[in-house]
Amino acid sequence: MQAQEPLTILIAEDSAADRLLLSTIVRRQGHQVLTAGNGAEAVHTFKEQQPDLVLMDALMPVMDGFEAARQIKALAGDALVPIIFLTSLSESEALARCLEAGGDDFLAKPYNQVILAAKIKAMDRLRRLQATVLQQRDLIARHHDYLLNEQRVAKAVFDKVAHSGCLSAPNIRYLQSPYALFNGDLLLAAYTPAGDMHVMLGDFTGHGLPAAVGAMPLAEVFYGMTAKGYGLTETLREMNAKLKRILPVDMFCCATLLCLSFQSRSVEVWNGGMPDGYLHRMASGERVPLPARHLPLGILSAQAFDDRTDVYPMAVDDRVFLLSDGVIDTCDANDQLFGVERLQQVFAANREPDRLFEDIEQALRDFRGQARDDVSMVEVSLVESAQAHGAAPVYSDSGQSCPLDWSASFEFRGATLRRFNPLPFLLQLLLEVHGLRPQSGALYSVIAELYSNALEHGVLGLDSRLKRDATGFARYYEMRAARLESLQDGYVRVHLQVQPQGEGGRLIIRVEDSGEGFDVARVMERPLVNVRLSGRGISLIRQLGRNASWSDQGRSASVEFFWEIEA
Amino acid sequence: MTDPHVDRDVLDTLREVMEDGYPELLETFLADSESRLHELQDSTSAKVLSDVAHSFKGSASNMGAVRLAGLCQDLESNAKDKSPEALAQLDADIHAEFAEVRPVYESEKHHAHIH
Amino acid sequence: MSVVTEVSPDKKKLTIAVKGRFDFGRHQEFRESYERLDKKPESIVVDLKEAAYLDSSALGMLLLLRDHAGGDESDIRVVNSSSDVKKILAISNFDKLFDIS
């Protein structure tokens with residue numbers, strides 16, 4: 001049996017003999033004793049000395065035990081100061097009064113030492129329990145405050161990272177709760193140098209800071225690579241590798257990534273573990289599901305990672321709609337899931353495309369009885385390419401010295417063409433020439449177009465006329481993937497020449513491929529308009545660059561850019 | 001041979017608990033009791049009688065004066081119901097009972113000093 | 001116990017049955033079911049017949065199991081999945097990592 005810890009016990013008893021007897025008994029049990037002869041004295045002594053426990057006679061002069069007990073309990077506040085009433089009151093009404101006054105137990109007269117010791121022990125155990133509870137409550141409250149503060153800081157840092165993108169572009173609509181980050185939801189959007197748009201809706205496993213912490217490196221990769229002109233494929237590889245490296249084994253990030261190309265009117269899609277996205281074709285009303293064909297990011301090693309994307313044609317005003325699993329997983333009172341079927345019903349019932357979000361939110365509210373605050377949705381529309389524009393990139397160098405008279409040649413062969421995208425590198429090289437920077441968008445678009453033509457139509461021998469309808473479109477990209485995968489020979493050469501000219505300079509780009517060539521004259525006859533699904537983007541090159549020309553039966557293309565130094 | 005007036009076992013326990021403080025306890029009880037007796041005699045209010053009787057009952061029971069405690073309980077419970085004559089009788093009984101047990105406590109005090 | 005294990009007599013096959021909700025609350029039990037064995041089994045079967053529900057922490061636990069059992073060299077089958085569970089595993093494409101039935 002554990003030894004009783006010595007307590008300071010206040011004995012309030014008006015009968016001198018009883019007080020003396022009780023004091024002695026209690027002292028013999030190892031405690032320190034304070035005494036009071038009436039209720040008022042008891043309260044006063046309690047205030048001064050803060051005893052651990054009180055033995056209180058019920059009937060005392062000046063102030064009775066009940067009132068004294070009430071006052072002492074009030075003074076004690078949250079802490080438990082047990083009060084044991086000393087009473088020979090037997091009527092239940094009197095006992096009830098003791099309880100109402102805050103008494104915790106009774107001791108009858110004549111005093112029984114054994115019973116008294118047992119009651120003191122029991123009351124002390126309760127007292128210590130209460131003290132522990134209060135201590136832990138305060139500890140928890142403090143920790144909670146720290147946590148809230150840490151989250152505030154994390155959110156502030158993340159908001160800076162997240163808002164370096166273009167979520168506020170006019171063709172993007174989104175819904176995201178303020179604490180989406182802490183539910184693991186991530187929504188990013190950025191323009192590529194060519195004016196395409198990369199969008200990502202992600203969902204990290206877990207909640208709170210662990211989920212948020214993984215989001216930041218991911219966002220940096222997304223924005224950095226997109227700005228440099230890397231495609232979805234390279235960006236995905238890098239994001240997967242990063243997450244695989246930094247996250248624990250059981251953490252991963254489900255994500256859907258889109259590359260919307262306003263110029264070529266298509267969307268490239270990669271979905272790893274997210275619910276189906278939907279491509280809404282306005283003309284037919286059809287909603288094409290974009291299902292998850294891949295494992296989430298951060299699971300597979302680089303060798304095993306599957307970066308294959310699907311490409312779909314789009315018309316102006318068509319929309320891609322993505323949502324997090326918060327919508328599907330919403331439960332009602334009977335634990336029934338909202339589910340995909342109900343979502344399809346909302347789609348079917350939706351009359352005004354612009355009200356889709358409201359319709360979904362309303363359906364969720366009706367289903368669940370209340371709104372959810374952790375749902376993420378995004379809708380991206382394809383607009384006329386003239387309307388889409390990106391922010392000018394920011395350069396970190398001083399602008400003093402730059403290379404103005406140089407040339408470089410590259411030859412990318414066989415297997416390299418399969419895996420390596422030279423465009424970001426070439427663009428970075430060219431942007432060392434400060435005079436070219438204001439035209440970086442056009443520059444990138446032109447080089448990308450030249451390279452893609454050389455690779456797809458030249459080396460891979462794909463016929464762009466295949467892309468005139470949706471089926472042909474899908475077939476084209478299947479063939480592209482297959483031929484690229486089995487490519488052994490072939491090359492694409494890129495020649496760059498920069499020369500000073502007058503107050504500014506001139507850039508000549510020439511791209512050659514090892515393909516069969518094409519009938520240059522016939523294509524040149526076509527009017528200079530934006531060609532839709534098919535076409536070699538030749539008109540784009542002629543529009544954005546100067547002196548575009550083709551030679552060697554179409555295997556060699558050349559285009560120039562000029563700049564003037566502003567005074 | 002149990003004493004109907006004073007429970008000897010209680011005294012034994014008191015002696016053991018109080019040790020050197022035993023005489024002081026006895027003295028305090030006797031003094032307290034004297035003053036309570038006066039209060040009983042002087043007071044006429046049923047409430048006061050009841051309260052004093054309650055208090056006296058407590059000490060008496062602590063000290064093992066069982067019959068005295070019983071009489072005080074009677075007075076405490078019935079002070080408001082009893083007639084003045086009945087009250088006077090009860091008061092006299094209490095005085096008498098105390099007179100009966102007093103020598104016991106005096107003797108205890110005496111013996112304690114000797115040991 | 002919501003995680004019940006069974007080892008074959010020759011210790012080569014481990015069967016882990018998860019009952020009820022397969023979520024973060026099962027984390028400790030699930031790990032212990034395979035970490036404490038004195039001999040690493042050659043094949044593992046995760047029986048979800050009585051598993052009503054699977055969330056992303058369950059997916060994480062399966063990944064941990066796979067990592068412990070040798071990653072790409074592991075032999076893990078997930079059996080008796082209800083249609084709801086199968087759907088979740090299908091969306092996350094976990095059939096690319098596990099044999100699911």
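Biologist: Is A:Asp552 buried or exposed?
Modeller: A:Asp552 is exposed, with 11 other C-beta atoms within 10 Å. A residue counts as exposed if 12 or fewer other C-beta atoms lie within 10 Å of its own, as buried at 20 or more, and as partly exposed in between, with C-beta atoms placed from the backbone.

Biologist: Before we go on, what kind of model is this, and what are the cut-offs?
Modeller: It is a predicted model, in which local features need pLDDT of at least 70 and side-chain atom pairs count only at pLDDT 80 or more, while totals for chains, interfaces and linings use all residues. Residues are numbered from 1 along each chain as its sequence is written, and chains are lettered from A and ligands numbered from 1 in the order in which they are written.

Biologist: Back to A:Asp552, then. Where is it?
Modeller: A:Asp552 is in the loop between strand 19 (546-551) and strand 20 (556-563) of chain A. Helices (H or I, at least four residues) and strands (E, at least two) are DSSP runs, numbered from the N terminus.

Biologist: And what is its phi?
Modeller: Near 50 degrees, which is positive, and A:Asp552 is not a glycine. A:Arg265 also has a positive phi, of about 50 degrees, without being a glycine.

Biologist: Is A:Arg265 buried or exposed?
Modeller: A:Arg265 is buried, with 20 other C-beta atoms within 10 Å. Its place is the loop between strand 9 and strand 10 of chain A.

Biologist: Which sheet has strands 19 and 20?
Modeller: An open sheet of five strands in chain A, ordered 16-17-18-20-19 and paired antiparallel. Two strands pair if DSSP finds at least two bridges between them.

Biologist: Which strands are at the edges?
Modeller: Strand 16 (406-413) and strand 19 of chain A; each has a single partner strand, so one side of each has no neighbour in the sheet. Neighbouring strands here are turned by 10 degrees against each other on average, ignoring direction. Axes are lines fitted to C-alpha atoms, for helices over the stretch in contact, and angles run from 0 to 180 degrees between N-to-C directions.

Biologist: How many bridges join strands 18 and 20?
Modeller: Eight, between strand 18 (504-513) and strand 20 of chain A, which run antiparallel. A:Val511 stands opposite A:Ala557 of strand 20 of chain A.

Biologist: Which helix packs on that sheet?
Modeller: Helix 13 (440-459) of chain A, which touches strand 17 (491-501), strand 18 and strand 20 of chain A, and whose direction makes about 15 degrees with that of strand 18. Residues are in contact if their C-beta atoms, placed from the backbone, lie within 7 Å.

Biologist: What about the sheet with strands 9 and 10?
Modeller: That is an open five-stranded sheet of chain A with the order 7-8-9-10-13 and antiparallel pairing. Its edge strands are strand 7 (185-191) and strand 13 (310-313) of chain A. Neighbouring strands are turned by 15 degrees against each other on average, direction ignored. Strands 7 and 8 (197-204) of chain A pair over seven bridges, and A:Asp203 in strand 8 is the bridge partner of A:Asp185.

Biologist: Which helix lies across strands 8, 9 and 10?
Modeller: Helix 7 (232-246) of chain A, running at about 160 degrees to strand 9 (253-261) of chain A.

Biologist: New topic, helix 2 of chain A. Which residues are buried?
Modeller: In helix 2 (39-49) of chain A they are A:Gly39, A:Ala42, A:Val43 and A:Phe46. They cover an arc of only 95 degrees around the axis, so they sit on the same side of helix 2 of chain A; the arc is that of the directions from the helix axis to the C-beta atoms.

Biologist: What do they pack against?
Modeller: Strand 1 (8-12), strand 2 (32-36), strand 3 (53-57) and helix 3 (65-76) of chain A. The face turned away from the buried side of helix 2 of chain A carries the exposed residues A:Glu48 and A:Gln49.

Biologist: Where is there a cis peptide bond?
Modeller: Between A:Lys109 and A:Pro110, with omega about 5 degrees. A:Pro110 is in the loop between strand 5 (105-108) and helix 5 (113-162) of chain A.

Biologist: Last one. Which chains have the most contacts?
Modeller: Chains A and B, among the two pairs that touch. Chains B and C do not touch, and their nearest C-alpha atoms are 56 Å apart. Between chains A and C, 13 residues of chain A are in contact with 12 of chain C.
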